[in-house]
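This report goes through the model from its sheet outwards to its helices, loops and aromatic residues. Please keep the sequence and the structure side by side while reading.

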Amino acid sequence: MRYSFIIPVFNRPDEVNELLDSMLAQSVTDFEVIVVEDGSSVPCESVCDKYAGRLNVRYYFKDNSGPGPSRNFGADKALGDYVIILDSDVVLPPDYLAKVDAELQTESCDAFGGPDRAGEGFTMVQKAISYSMTSFFTTGGIRGGKNKLDRFYPRSFNMGIRRDAFIALHGFSRMRFGEDIDFSYRIIGKGYSCRLFPGAWVWHKRRTDFDKFFKQVFNSGIARINLEKRHPHSMKLVHMLPMLFTLGVVCLSVLALLLRFTAPGLWWMLPLLPIFLFSLTVFVDSSVRNHSLQIGILSVEAAFIQLFGYGLGFLSAVWNRCVLGKGEFSAYEKTFYD
């Protein structure tokens with residue numbers, strides 16, 4: 001067996017159905033699929049049963065423990081030379097595994113990852129969120145890889161690693177957010193080779209509305225401080241950019257408000273100019289890339305939600321972890337571990 005797909009899932013049977021359906025179209029067929037139900041109240045076992053005989057799929061149900069331990073559970077059952085970790089909200093293009101195979105035959109490596117894209121069937125909000133998560137002008141610039149600001153670290157929505165390396169590293173930690181970056185740090189820190197496979201991309205639905213998106217990026221901001229605590233000196237200046245953006249927008253807005261009541265004419269608008277230029281850049285770039293002015297407008301909202309959410313989560317973690325000295329689990333027990 002060459003590849004083992006590991007898919008942890010929590011209350012998302014419809015997403016699992018779409019992902020498994022996309023696996024039927026893979027041109028490379030030497031793979032198995034392991035679906036790990038993480039204590040869901042709405043299980044997907046019946047969905048997996050539909051694909052019996054068409055896919056080499058195995059389904060397991062376990063008590064809820066979070067994504068990291070669920071992936072470890074699946075890897076323990078895997079038979080492939082490589083395990084490929086996918087989130088349940090992705091869909092594979094037909095040549096996904098062929099692209100992975102070609103990259104490994106060209107230049108083998110111990111671990112790898114691929115990018116993500118928005119599908120044609122995604123809602124406008126999903127496309128706007130996808131833009132903000134991949135654009136150079138937002139935190140896409142700190143996700144690593146080609147044309148990015150930081151080194152590439154595989155993410156769990158599309159991550160592969162040799163099974164023996166996975167076992168040697170004891171897999172993912174119990175972190176609820178940032179556990180994939182933590183794992184990538186340990187992969188690279190132990191000297192394993194790791195590469196970006198640009199052609200092995202997936203469609204990634206991410207969050208379906210802005211409220212859920214804010215919670216996701218807020219938790220990602222918290223995770224950055226937790227990662228620094230686990231891996232000292234891993235934080236770079238680029239990881240602080242969302243926090244600096246958040247503070248900068250607040251300060252400029254306050255300054256504009258003060259000038260509004262103290263300065264003559266339109267001088268009060270001057271501090272708002274950088275905010276306007278950033279918004280215009282995102283609007284134009286997203287509109288061109290998505291061929292839609294409406295998505296361009298939504299992308300501006302998504303960008304501010306992403307940067308503010310991440311920045312506020314970052315500041316919250318600085319206060320709780322660094323100032324108050326709380327532990328990783330105790331500081332956010334209600335957020336991650338209830």
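How many of the five residues of strand β8 (residues 158–162) are buried? Four of them are, and the strand is mostly covered. Buried means under 20% relative accessible area, exposed over 50%, and partly exposed in between, with a 1.4 Å probe and protein chains only. Helices (H or I, at least four residues) and strands (E, at least two) are DSSP runs, numbered from the N terminus.

This is a predicted model, in which local features need pLDDT of at least 70 and side-chain atom pairs count only at pLDDT 80 or more, while totals for chains, interfaces and linings use all residues. Residues are numbered from 1 along each chain as its sequence is written, and side-chain values use heavy atoms, with hydrogens and water left out.

**The sheet**

Strand β8 belongs to an open sheet of seven strands, whose order is β3-β2-β1-β4-β8-β6-β9 and whose pairing is mixed. At the edges are β3 (57–62) and β9 (194–196), each of which pairs on one side only. On average, neighbouring strands of this sheet are turned by 20° against each other, direction ignored; the axes behind such angles are lines fitted to C-alpha atoms, for helices over the stretch in contact, and angles run from 0 to 180 degrees between N-to-C directions. Two strands pair if DSSP finds at least two bridges between them.

Three of the pairings are as follows.

| Strands | Sense | Bridges | A bridge pair |
|---|---|---|---|
| β4 (residues 82–86) and β8 | antiparallel | five | Val83 and Ile161 |
| β6 (residues 111–113) and β8 | antiparallel | three | Ala111 and Ile161 |
| β1 (residues 3–9) and β4 | parallel | four | Tyr3 and Tyr82 |

Ile161 of β8 thus appears twice: Val83 stands opposite Ile161, and Ile161 is also the bridge partner of Ala111. In a regular strand the side chains alternate between the two faces of the sheet.

Arg195 lies in the edge strand β9. Arg195 is buried, with a relative accessible area of 17%. A polar atom of its side chain lies 3.0 Å from the backbone oxygen of Glu103. A polar contact is a pair of N or O atoms within 3.5 Å; within protein, one must be able to donate a hydrogen and the other to accept it, and residues adjacent in sequence count only if both atoms are side-chain atoms.

**Aromatic residues**

Over the whole structure, a search finds 17 aromatic pairs. Phe172 and Phe183 form one that is tilted, with 4.6 Å from centre to centre and 50° between the planes. Phe172 lies in the loop between α6 (163–168) and α7 (179–189) and Phe183 in helix α7, so the pair ties together parts that are 11 residues apart in sequence. Rings of Phe, Tyr and Trp (its six-membered ring) pair if their centres lie within 6.5 Å; planes under 30 degrees apart count as stacked, over 60 as edge-to-face and the rest as tilted. Phe172 counts as buried at 5% relative accessibility, and Phe183 is buried at 0%.

Phe172 also has Arg71 over its face, at 4.9 Å from the ring centre. Likewise, the charged end of Arg117 sits over the ring of Trp201, 4.0 Å from its centre. A charge sits over a ring if NZ of Lys or CZ of Arg is within 6 Å of the ring centre and within 35 degrees of the ring normal. Elsewhere, Tyr3, Tyr82, Phe112 and Phe197 form one aromatic cluster.

**Helix α8 and two loop histidines**

Helix α8 (residues 210–230) has 21 residues and reaches 30 Å from its first C-alpha to its last. This is close to the 30 Å expected at 1.5 Å a residue, the expected span being 1.5 Å times one less than the number of residues. At the start of α8, a side-chain oxygen of Asp209 comes within 3.1 Å of the backbone nitrogen of Asp211. The buried residues of α8 include Phe210, Phe213, Val217 and Arg224.

His233 is found in the loop between α8 and α9 (241–262). His233 is exposed, with a relative accessible area of 72%, and has a positive phi of about 75° although it is not a glycine. His170 lies in the loop between α6 and α7. His170 is exposed at 68% relative accessible area, and its phi is near 65°, also positive in a residue other than glycine.
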